[in-house]
Amino acid sequence: PEESAGPTGRPGKSLDPCADVPPNLQGVLQVEFRTNRTLQDVRNHVGPFLQQGGRYRPTSCRAKQKVAVIIPFRNRYEHLTHWLYYLHPVLMRQQLDYGVYVINQDGDGVFNRAKLMNIGFVEALKEYDYDCFVFSDVDLVPIDDRNLYRCSDHPRHLSVAVDKFNFILPYATIFGGVSALSEQQFLKVNGFSNTFWGWGGEDDDMSQRISYRRMFISRPDSVTGRYKMIKHKRDSHNDPNPRRIQKLRETYSNMDKDGLNSLNYTVREIRKDLLYTFVTVDVQADV
Ligand code: UDH
Ligand code: NGS
């Protein structure tokens with residue numbers, strides 16, 4: 001990767017725009033999770049190119065998009081280490097002006113993936129003028145760097161061919177795993193629902209919001225869109241939500257009042273690591 005002037009450096013308005021197709025992509029990547037890896041290994045590996053908070057921008061050209069990568073998180077440090085090890089070099093080669101935001105749910109209440117992603121959107125925009133938001137599970141690593149972490153004319157689903165599904169899209173409307181929405185697209189659907197507690201359905205709810213707002217799901221082809229998922233057991237406090245099927249019948253009537261415009265939370269701490277910005281939040285389950 002090229003050296004970065006960093007987000008606090010000159011915005012590089014005088015630079016030419018980066019090429020539409022980044023020139024130094026590698027195509028298919030070797031990805032291996034069995035290796036013992038520490039955050040310090042990752043810092044040594046990619047640190048020289050980063051600014052505090054997991055920020056990067058190319059120096060030789062002006063990035064096409066300013067991308068906040070948002071990871072809903074709780075207690076998956078080993079996965080995060082692998083994710084950072086593989087994703088930083090990919091995002092650099094893709095010549096993005098980007099930052100990585102890990103949104104950490106405080107406490108041991110029921111997990112709320114979608115609400116954490118809404119919080120990531122709001123908190124990232126407080127820091128920088130991002131125009132694209134990539135939402136990624138911590139356990140999904142692309143195995144082809146031609147799968148660009150950018151936004152398109154329509155909301156984009158990136159994790160289309162995951163090894164655990166034998167590299168096949170499980171159903172046509174799926175929007176889970178890794179997805180990308182521009183700021184305008186995200187605002188148009190009022191963000192994600194805040195009311196999916198526990199596992200399942202929140203991504204399908206977003207998929208419905210997208211279609212109710214007359215947008216489509218854009219995807220890479222199933223070769224470019226290949227992913228490896230880090231194998232794991234079900235986490236505690238994230239059991240399947242028994243209400244998720246019923247809730248999906250209510251997306252249309254709820255989406256204008258359940259989302260970004262009803263989001264409530266408290267930031268407990270914002271910690272800047274070289275590799276990421278770690279935002280610990282109270283998601284206020286009882287309010
Ligand atoms: N997540 C956390 N911590 C948690 C729960 C979820 O960080 O305690 C985040 C993480 O980014 C994860 C994402 O939310 O990638 C999605 O949650 P998940 O990994 O639980 O969802 P997935 O569908 O797995 O991948 C469901 C349980 C599968 C059990 C399979 C046993 N073989
Ligand atoms: C569907 C879930 C989605 C989930 C998808 C893949 O059934 O939230 O499976 O899940 N929808 C409902 O439960 C309504 S996975 O196998 O990756 O864990 O994303």
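Me: What are the helix and strand shares over residues 18-152, and how far apart are the end C-alpha atoms?
Reply: In this predicted model, the stretch is 30% helix and 20% strand, with its end C-alpha atoms 16 Å apart. The boundaries come from UniProt, where an unreviewed entry places the feature "domain: Galactosyltransferase N-terminal" at residues 18-152.

Me: Happy to zoom out. What makes the protein as compact as a globular protein of that length?
Reply: Start with the parts: the secondary structure comes to seven helices and 11 strands. The radius of gyration is 18 Å, and the globule rule gives 19 Å for 287 residues; the two are close, so the protein counts as compact as a globular protein of that length. Along the principal axes, the C-alpha atoms fill a box of roughly 50 × 40 × 40 Å. Buried residues make up 47% of the 287. Among contacts with a separation of 6 or more, 85% join residues 24 or more positions apart.

Me: Why is strand β3 called largely enclosed?
Reply: A residue needs 20 or more other C-beta atoms within 10 Å to be buried. Nine of the nine residues of β3 (residues 97-105) pass that test, so the strand is largely enclosed by the rest of the structure. Both faces are covered: on one side D97, G99, Y101, I103 and Q105 are buried, and on the other Y98, V100, V102 and N104 are too.

Me: How do you know which strands pair with β3, and in what sense?
Reply: Pairing calls for at least two bridges. Strand β1 (residues 55-56) has two bridges to β3, in the antiparallel sense, and here Y56 stands opposite Y98. β2 has eight bridges to β3, in the parallel sense, with A68 opposite G99. Both β1 and β2 therefore count as partners under the two-bridge rule.

Me: Why are β5 and β7 called edge strands?
Reply: Their open sheet has three strands in the order β5-β9-β7, with mixed pairing. β5 (140-142) and β7 each have a single partner strand, so one side of each is left without a neighbour in the sheet. For β7 that partnership is with β9 (residues 226-229), parallel and over two bridges. A161 stands opposite R226 there.

Me: What makes α5 mostly covered?
Reply: Nine of the 11 residues of α5 are buried. Among them are E202, M206 and I210. The cover over these buried residues includes α3 (113-127), α6 and α7 (251-254). Just after the helix comes R214, with a positive phi near 60 degrees.

Me: Which residues surround ligand 2, and where does α5 come in?
Reply: The residues around ligand 2 are G176, G200, G201, D203, D204, R244 and I245. α5 (202-212) and α6 (244-248) each supply at least two residues of that shell. By class, the shell divides into one nonpolar, three polar and three charged. Glycine is counted as polar in this scheme, so G176, G200 and G201 belong to the polar group.

Me: And what does the shell around ligand 1 look like by class?
Reply: There are six nonpolar, two polar and eight charged residues. Of the 16 residues in that shell, R74, D137, V138, R234 and D235 come nearest to the ligand. Strand β2 (residues 66-73) gives the largest share, three residues.

Me: What is unusual about phi at N75 and N166?
Reply: Most residues other than glycine have a negative phi. N75 has a positive value near 55 degrees, and N166 also has a phi near 55 degrees. N75 lies in the loop between β2 and α2 (77-93), while N166 is in the loop between β7 (161-162) and β8 (178-182).

Me: Why is N166 called exposed but N75 partly exposed?
Reply: The cut-off for exposed is 12 or fewer other C-beta atoms within 10 Å, and buried starts at 20. N166 has 8, so it is exposed. N75 has 14, so it falls in between and is partly exposed.

Me: Last one: why does T224 count as partly exposed?
Reply: T224 has 19 C-beta neighbours inside 10 Å, and buried requires 20 or more, so T224 stays partly exposed. It is in the loop between α5 and β9, and T224 touches D144, R146 and N147. The C-alpha atoms of T224 and N147 are separated by 5.6 Å, although the two are 77 residues apart along the chain.

Definitions and conventions: Residues numbered from 1 in each chain as written. Chains lettered and ligands numbered in written order. Predicted model: local features only at pLDDT ≥ 70, side-chain atom pairs only at ≥ 80, totals over all residues. Near = placed C-beta within 6 Å. Helix = DSSP H or I, 4+ residues; strand = E, 2+ residues; numbered from the N terminus. UniProt positions renumbered as here; feature names shortened; annotations may be inferred. Rg over C-alpha atoms; globule rule 2.2 N^0.38 Å. Contact = placed C-beta atoms within 7 Å. Lists of a residue's contacts leave out its neighbours within four places in sequence.
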